[in-house]
Amino acid sequence: MKTRFNSYDIICGVAELQRLIGLRVNQIYDIDNKTYLFRLHGGGVSEKVTLLIESGTRFHTTAFEWPKNVVPSGFSMKLRKHLKNKRLERISQLAADRIIDFQFGTGEAAYHVLLELYDRGNIILTDYEQIILYILRPHTEGECLRFAVREKYPSDRAKVGNIDLAEETLREIIEQSNVGESLKRILMPVLGCGPAVIEHVLLEHGIESCVVSAQQEQTETSKANTSKKNRRSSQISRADTKLFDFATDLPLLMKAIQSARDIMSFGQKGNCKGFIIQIKEEKPTNTENNDHFYRNIEFHPYLFSQHKKLPFKEYNTFMEAVDEFFSTQESQKIDMKTLQQEREALKKLSNVKNDHTRRLEELNKVQDVDKKKAELITSNQSLVDKAILAIQSAIASQLSWPDIQELVKEAQANGDIVASSIKQLKLEINHISLLLTDPYKCGNEYLNDGNGVDNDDSILIDVDLALSAWANACRYYDLKRSAAQKEKKTIDASQKALKSAERKTQQTLKEVRTISNIAKARKVFWFEKFFWFVSSENYLIIGGRDAQQNELIVKRYMRPKDVYVHADIQGASSVIIRNATGGDIPPKTLLEAGTMAISYSVAWDAKVVTNSYWVYSDQVSKTAPTGEYLGTGSFMIRGKKNFLPSCHLIMGLSILFKLEDSFIQRHVGERKIRSTEDAIDQDKVKQPEITYADPNQIAELNDANSDCAVNVFPNIEVKVEHDTGRITIKTELLGEVLKTNIIESQHDNPINEEDAVIIKAAPSRKKNQQTKKRKGCKGHLDKADLDRLQNNSPEIAPIHSSKVKRGQKGKLKKMKLKYKDQDDEEREIRMMILNSSGKDKLKINNGKNEEKPNILKKTAPVEKFVTAIPKNQIEIEENDECPVTTDADLLDSLTGVPFDDDELLFAIPVVAPYQALQQYKFKVKLTPGTGKRGKAAKLALSIFSKDKACNSREKDLLKSIKDEALARNIPGKVKISAPLLQKLRK
C-alpha cells in the first residue's frame, strides 16, 4: 500500500499548488508532531484554502476538518510568529530531490519552509539566507553536515535527475549493473521520475521483464560486492524474465525513457487528474449474494498501464484525490477491522460445521467396521471357535504366557491354519487378535499365503476368550447399534447446535456492521476535548482538564456574553457557560456550573464541600499586578465575585443521543429555562414586609455612611432563621457592629471590590490569602438567596446607639436633624424609588451612590457588554471552530430522553451534576468513593444495557461507546449508585 509521495507525485503537486501563490497565511495549526495545517486566504472575498503538510509523507490542500491539537506546539508557535500574515511567494522543488521549498515573503523578510519527503522526513524553517530558525528533527549526516538551529541549510546537496540519458551512457550503466538485476531497479536511481512511471514505460514497450544477463562483463570485485537483495533478484524464474539484449532491447529502452520524459513534462503543466487505485474485498457471508467493498491502495496523478486492470476512482485534480485518500484512511481501517471480525465469526461457524461433519463420518465408519467384524466372525465361526479352544487349552495346562506364545509360533511354522490366523495374544485382557477374511469371496487359501504376508481384504479382529464366536459376533453388533444411536443423537444435537451457531454468527455480524456504521457516523464535537455537559436549561458548559486547557477555553472559547465560573479553591478547573442567547444566565444553570467547578477540583478527592462563584467575561484578565507573574492557566479576577451557595459533591453519568435532523423538532424544549414559564405570577405574591426600628436613625446612618472615607467597605453577615423566617443582617463598619439593610443586586458594578483576585493554576500553600478572600466575600448574596428573601418576611433588628463608636455621635445627630420631618409614608416612597432598578430583586441602598462613584457605580446589564470592552479584558483569539450561533442547533440535536421511534445516529457519554440529569433516560449517581473510574464506567454501561426500557438500537449504540470515552470525564475515584444495583451486580 502506498503511504507517501514519490518523485512524480511531487512534480505534479508542486505544479498544481502554483495557484496558491499570492495567498496570505491566516493561521497555522498542528494535528500531531509531524502534521501541520496552513490556513491561507486572499485579499477581499477570495477563497480560503487549507494546506496540509506532513513530514516525510505528503503535502496537499484539504477540504476536510482535521482534528487540531488543543494547545499549539512549540513549532506551531514559531511558525505563527514568523509566517502569520506573510504572502506565499513561491513553491518549488529542490532540483529533482524529494524536497519542497515554500517561500513566504520577499527580500530580507522572506522565510522558507522546507519539507523533506524522504527517509524519516523533516520540516525546517529558515530565513532568507537559509539559516535554520527551527527544525522538527535535528540530526547529523556524516561528520561535518549538521541539521540544527543557526546552521545553514545545504540546498546544493539536493539530488539532480538525469532524464536526458545518451545511449552510450545508458549502455555503460547497464553493463556495470549486477547480474540478474531488473531494468526497473537499474533505472530508478538514475531517472528522477519515480518507480510508477518507470514501470509504466517499460510495460508499454514490452521490456518490463528484462534482466541483465550473466554474460555481461563484470569484474570479480563487483561480483563479490553483490548485495543480498540483488542475489535474491538473480534467482528470478526464467519463465517470468528474459535476458536483456543490447541489439534489440536497447532501442526500446531509449523510447521508454523518451516516454518517461513526456510524462514528466505533462506533470509539470499542473493539469493532472487524480486517480485512486483500489482492490475489491469480498465480504464473507452465508447467503448466495456476495457483498464486497473497495479498499484504496494507491494514489497517482496519472493512470499507469499496470493499474488499468484494477478498479479505480477518478478525480478532477491530483490534490483532491490525495485528500480523499488520506482522509478516508480511518474509515478504511474500520472497514478492514469489520471485515476481519466478520471473517473470524464465519470461520468459527465453519469450524463448528466441520467438527459435526467429522464426528458423523467417524460414527459411520465405526458402524461399518463393527458390522464387518461381526460378519467375518460369523463367516469364520469354526475357525474362531478352534482358536479360542486352543488358547483356552494352553491356559488350562498352566503354561506360562511366553510358552503359549512359543507354542503358537511353532504351530504357525508347521502350517497350521488356526495358528496362522492368530496374530497377537492379549492375555492380560483375555483377548486374542485374529486375522479373518471372507471365506466365500477369497477362499481359505487367502488366509495366509505361506510367506506371512496378509491379504488386503483381511481385518484384524479382537476376540474375547471368555465368549464363543457367536457371542463375540453379538458383541460387535451391539457396538454397531450403539454407534448408530449415538449418530442419531449427534445429528439431532448438531442441528440445534448449528442453528444456534448460525444465529450467534448472524448476531455477531450484525453487531459488527452496526458498530462499524456507528463509528463512521460518529462525529467528535469540538467541546468533547474538555470537561463538558449541557445544563438543564440548555446551556453548554465547558471546563479545562489542565492548565493548558484552562488557558485555551478562556482565550479561544469565552465570548463577551459568557460567564466564567470557578471554585473558591486554588487549582480548580476554569468553567465557562456558553451564553448563546445573550440574556441573563438562569440561577439553576449557574448552580450546576458551580457544582461542576467544585467537582473537578481537589475538593472531590478530599471530600470537602466548598463554595464557587461566577463573574462576567470582562472581569477575567491576563494582566498581572505589578511585580507578579501569571503562569499558564492563571487569571486575574477584577471586581465583584458573585458567590454561589454550597453544593454537595454529587455528579451523574448519563448518555446523550444524536438525533437525525428530521426528529429534532420533536425534542425542542426538553431543556428549557423554567424560571420564566414556570414562575408564579408576581401580582399574586405578597411582597415581603421589611420593618425598621427607627427610620430616622437609618437615615442618619445613611448620611453618615455617605460621609465616610472611600476606603470603608462593609463586612455583611446574614443570619436566616428558617423556622420563623426572620432575617438578621449585621454589618461591621469601622470596627463597630452596625445593623443595616444592604442587599446587593446581581447587576451591581463588578468593580465594587477594589482588590483584584488572582486565580492560580496550581494549588498554593498560602492559606492566609484564602481566608482573607472568604472573609471579604461573606456578604455577597446570589440570586437563589434573593429568591428566598422574597418568599419570607425579613425583619431588621433594631440599631443600638450605645454601640456607636466615639466620633460618630455628631454625625448621627446631623442625620436626625436632616430626616426629622420625614414620615413613614415619605420614607416608603423614597425606598420604592431606590428599589426601582429591578423587578424581582430586593435592593435597599445605604447611601448616596451617585455621590460616591468610586465605591458603588451603576453598570449596564449583560446585553450591553458587547459594545464596551474593558481595558483589562483578556484578548480572545480568533476561532472559527465553534461559532456561537450553532451552539443552540447543536444542543437541540442531542437528547437524553429518546423516543422508541426516533432515528438515533450515535451516543455520547456525559458526566454532569446529578440535578442536570433528572429527566434523562439513563443515569447513575457518582459520589466521591474508592472505586476506579474504568470499573465504574463499565458497571454503568451494564446497568444501562440491562434496563428494560432500553431498545435494540440503544443497545447497539451503547456497545459502540469506547471504555476510555466513557470514563475520561469522571472526576476521580467514585462510588456509583443506582436503583437495584446489588441485583445487577449479582
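Over the face of which residue does K68 lie, and at what distance from the ring centre? In this predicted model, K68 sits over the face of Y29, at 5.1 Å from the ring centre. A second lysine, K2, lies over the face of F299, at 4.3 Å from the ring centre.

The sheet offers a starting point for the backbone. Its 4 strands form an open sheet in the order β1-β2-β3-β4, with antiparallel pairing, and the edge strands, which pair on one side only, are β1 (24-30) and β4 (58-62). From one strand to the next the twist averages 20°. Within this sheet, β2 (residues 35-41) and β3 (residues 48-54) are joined in the antiparallel sense over 7 bridges, and H41 has K48 in β3 as its bridge partner.

The aromatic side chains come next, with 29 aromatic pairs in the structure. One of them is formed by F5 and F59, a tilted pair with 5.1 Å centre to centre and 45° between the planes. Because F5 lies in the segment before α1 (7-16) and F59 in strand β4, this pair ties together parts that are 54 residues apart in sequence. F5 is buried, with a relative accessible area of 1%, and F59 is likewise buried, at 0%. Ring pairs link F5 and F59 into a cluster with F102, F299, F318, F325 and F326.

Helix α12 (residues 401-413) has 13 residues and reaches 19 Å from its first C-alpha to its last, close to the 18 Å expected at 1.5 Å a residue. After α12 comes G415, whose phi is positive, near 85°.

Notes: Residues are numbered from 1 along each chain as its sequence is written. This is a predicted model: local features need pLDDT of at least 70, side-chain atom pairs count only at pLDDT 80 or more; totals for chains, interfaces and linings use all residues. Side-chain values use heavy atoms; hydrogens and water are left out. Two strands pair if DSSP finds at least two bridges between them. Helices (H or I, at least four residues) and strands (E, at least two) are DSSP runs, numbered from the N terminus. Axes are lines fitted to C-alpha atoms, for helices over the stretch in contact, and angles run from 0 to 180 degrees between N-to-C directions. The expected span of a helix is 1.5 Å times one less than its number of residues. Rings of Phe, Tyr and Trp (its six-membered ring) pair if their centres lie within 6.5 Å; planes under 30 degrees apart count as stacked, over 60 as edge-to-face and the rest as tilted. Buried means under 20% relative accessible area, exposed over 50%, partly exposed in between (1.4 Å probe, protein chains only). A charge sits over a ring if NZ of Lys or CZ of Arg is within 6 Å of the ring centre and within 35 degrees of the ring normal.
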